[in-house]
Amino acid sequence: MRLGMVIDLDKCIGCRTCAVACKSHNAQPPGTWWNRVFTPGSTFHQAAVGKDGRLQMNFLPVSCQMCDNAPCEKVCPVGATYTDERGVILVDYERCIGCRYCIAACPYGVRQFNWEDPKKAKQRAGYKTGYEYGHPEDFRDKDGRLSYTPNRPVGVVEKCTFCIQYTSKGEAPACIRSCPSRARIFGDLDDPESEAGRIIRERQVFRLKEELGTQPKVYYLAPVKPAR
Amino acid sequence: MVSNSTQTITSKDIQTTSFLRANPGRKLNMVLAFAAVLLLVSLVTWGYQLKSGLIVTNMRNSFSWGLYIATFAFFVGIAAGGLIVSSSVYLFNIEKLKPFTRIASLSAFACTLGAGAMILPDMGRVDRVYNIILHPNFKSPLVWDVIVITSYMIVTYLSVYVQLLPDWKKEGRGFLNGWTKTRTLEEIEGISKKWSKRVSIIGLPIAILIHTVTALIFATQASRGWWNTAVLPPDFISVAVASGTALVLLIALLFVGKDRFAEYQEAFKTMALIVAGALVVHFFFAAMDLLIHWWWGKPEAHEVLSLVFGRYGLVYATEIFLPAFTMIYFFSQKSKSSFNMLILGCSLLFIGVFAHRMMLMFPSFNAIPLSLSLPGIGIENWAYPIAMGEFQEGLPVFVSTWAYSPTLVESTIALLPFGLVIFVIALALKTYNFLPEKN
Ligand code: SF4
Ligand code: SF4
């Protein structure tokens, strides 16, 4: 089983619902975003780019690309970053030593460090004391490794887990469920029957920074809507 | 022949008026006190960082390694000198350098300690450092770096140890040398000679490996074009030979002092030549690297170059011009016979090499790997913004560039290895005899 995702860029409306759902379901502290959506080419989100009066506006959501050849995993000196049996790259929050080598290694800028205690960060940002958000329970994999906990320890790295707390129970990740235009398709890429598996076989898909050979399991369907 | 020489270093030398030997006790005490202050201040500040998290540094998600790693790489570099000087004596028969093999090994040992110490404050969870031993991932260059640096620390320690054994025997002190009690001085001298040679021969490949592997930490990362080049490891070695030898030269100069400069001039000249020669090789590598980055003309490569020559042009100029000055000066006859000029040359080189280490970070982290070129709309190299990991009123969370400069806290903590290295060297120089008389 290789869990993966296809994002249809023609369907994405850049609303950032997935980013917000991701952030709150996964209890990300202020300033930390596992999932981002931007307008390529533009310094402002939702601003058209182009020249000679021919403008276009596309959106590109980027979260962990779940690389099959994941540099973050290879550089991790203590094996805190690992690939589980379903091809999901996870971080063991109890083993990470906070060396941040993986942040230097990841070409997609998705890895986020806990520069301070998340509880302190929330307080400093002015969140009401006692206000907690996100899935409240820890998730441990079959070997007992802590790969989800609502308040991560200070000094460790975190990133998208394909919502391990949900997908381990057969539910879809928060970004998939929250997307209003159903631009995201999630599933087992090895399963020829799955929609995601079918799309990557039958349609013209691309992956980010393909030339680096990281072999992401997040695929994109290029936008074909015309410039205006 | 060795025995009478070492005994003479007592009152007679103290009367000379050199910098450290004039009144070695007092001068070295001052140095020790200074180092102790550095150590104390940095340790206390580190305590503060441990309490608050790495948020007290200016590193953020988009610029995740900074002064600490640069300082670490700096100390790894200057740790090379020790074994390079001793192996030149044993492998290439450069007898002139023989009086300085002890100082060389000592400086190597101290710098390795310093490098190791610098890594610790950079870690988010230093309390879990044992995981490297419990769960090592042998694919990670970092694990290999820990292995080779630890080996180097042991070898350089042994190198100091075997060289001091005969002295300890004579003076009836030292540590971890209980086994020498049952042996005669002659035996110990024999053992010391034999093992000094052996240790430095084993040490040379390890010395080369610490630079190779440290460079590989960076060079293996295809995500960062500025690092991802096969020239980085050999270049690290050339910089290490230059700066490591310069450190031995500097300590030797300060220790010998102006008055006895002439006595050892030949050795100093040789070391200066090694420094200059290694710098030629370094500049050649650096030039090839730039040329290849520029020639193919990938937008990513051009972006890195514009960072190197534009935004960080001043740091880069420091990296180039100061060592270039040292190189040219050390090749000239005149400078090599001047005590002050040699000291100046070494100091400028250190500043240049430190800038070189910082330049590993600046262009790399400010060229965001996920950059996109969109054909047809004139957009090249648009960097996909990164969430920086901190929320502050009025400041953007998503950034495409980060004007990194170390905070005061960060800079203070980075004094740790400096304090440690100076402390260890001064303490050793004060306690034992590191400059045997010529024999
Ligand atoms: S996108 Fe980055 S964090 Fe995710 S698997 Fe690839 S290298 Fe690792
Ligand atoms: S920061 Fe943590 S997860 Fe990343 S490489 Fe270091 S130990 Fe591994």
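**Figure 1. Salt bridges between chain A and chain B number 3 in this predicted model.** Over all chains, the structure holds 22 salt bridges. Asp122(B) belongs to helix H6 (residues 101–122) of chain B, while Arg100(A) sits in the loop between strand S7 (89–91) and helix H3 (101–105) of chain A, so this pair joins two chains. The salt bridge between Arg100(A) and Asp122(B) has its closest N and O atoms 2.6 Å apart.

**Figure 2. The contact between the two chains draws 58 residues from chain A and 58 residues from chain B.** Together, chain A and chain B bury about 4,500 Å² between them. Carbon and sulfur atoms account for 60% of that buried area. On the side of chain A, 18% of the area buried against chain B is supplied by Ile97(A), Tyr101(A) and Trp115(A), more than by any other three residues.

**Figure 3. The surroundings of ligand 1 are formed by residues of chain A.** Four cysteines appear in this shell, namely Cys64(A), Cys67(A), Cys72(A) and Cys106(A). The residues around ligand 1 also include Pro71(A), Pro107(A), Met66(A), Tyr108(A) and Val110(A). Gln65(A), Arg111(A) and Lys159(A) are further members of the shell. By class, the shell around ligand 1 consists of 9 nonpolar, 1 polar and 2 charged residues.

**Figure 4. Ligand 2 is likewise surrounded by residues of chain A.** Among them are Cys76(A), Cys96(A), Cys99(A) and Cys102(A). Pro77(A), Val78(A), Ile97(A) and Val157(A) also belong to this shell, as do Thr81(A) and Gly98(A). The shell around ligand 2 is made up of 8 nonpolar, 2 polar and 1 charged residues. Arg100(A), one of the residues around ligand 2, is also the partner of Asp122(B) in a salt bridge. Ile97(A) is another residue of this shell and is one of the three residues named above for the area that chain A buries against chain B.

**Figure 5. The largest cavity has a volume of about 180 Å³.** Its lining comprises 13 residues, and those closest to the centre are Trp226(B), Leu232(B), Asp235(B), Asp289(B) and His356(B). Two or more lining residues come from each of helix H10 (232–256), helix H11 (265–296), helix H13 (313–331) and helix H15 (339–366) of chain B. H11(B) gives the largest share of this lining, with 4 residues. The lining of the largest cavity divides into 9 nonpolar, 1 polar and 3 charged residues. In total, the count comes to 8 cavities of 30 Å³ or more.

**Figure 6. The second largest cavity holds about 110 Å³ of space.** The lining of this cavity consists of 14 residues. Nearest its centre lie Cys22(A), Asn26(A), Cys160(A), Cys163(A) and Cys175(A). By class, the lining of the second largest cavity has 9 nonpolar, 4 polar and 1 charged residues.

Terms used. Residues numbered from 1 in each chain as written. Chains lettered and ligands numbered in written order. Predicted model: local features only at pLDDT ≥ 70, side-chain atom pairs only at ≥ 80, totals over all residues. Heavy atoms only, no water. 1 Å grid on protein atoms, 1.4 Å probe; cavity = no way out; pocket = protein on both sides within 12 Å on 5 of 7 lines; lining within 4 Å. Points joined across faces, edges and corners; volume = space filled by probe spheres on them. Nonpolar A, V, L, I, M, F, W, Y, C, P; charged D, E, K, R; others polar. Near = heavy atom within 4 Å. Contact = heavy atoms within 4.5 Å. Buried area = accessible area lost by both parts, 1.4 Å probe. Salt bridge = Lys/Arg side-chain N within 4 Å of Asp/Glu carboxyl O.
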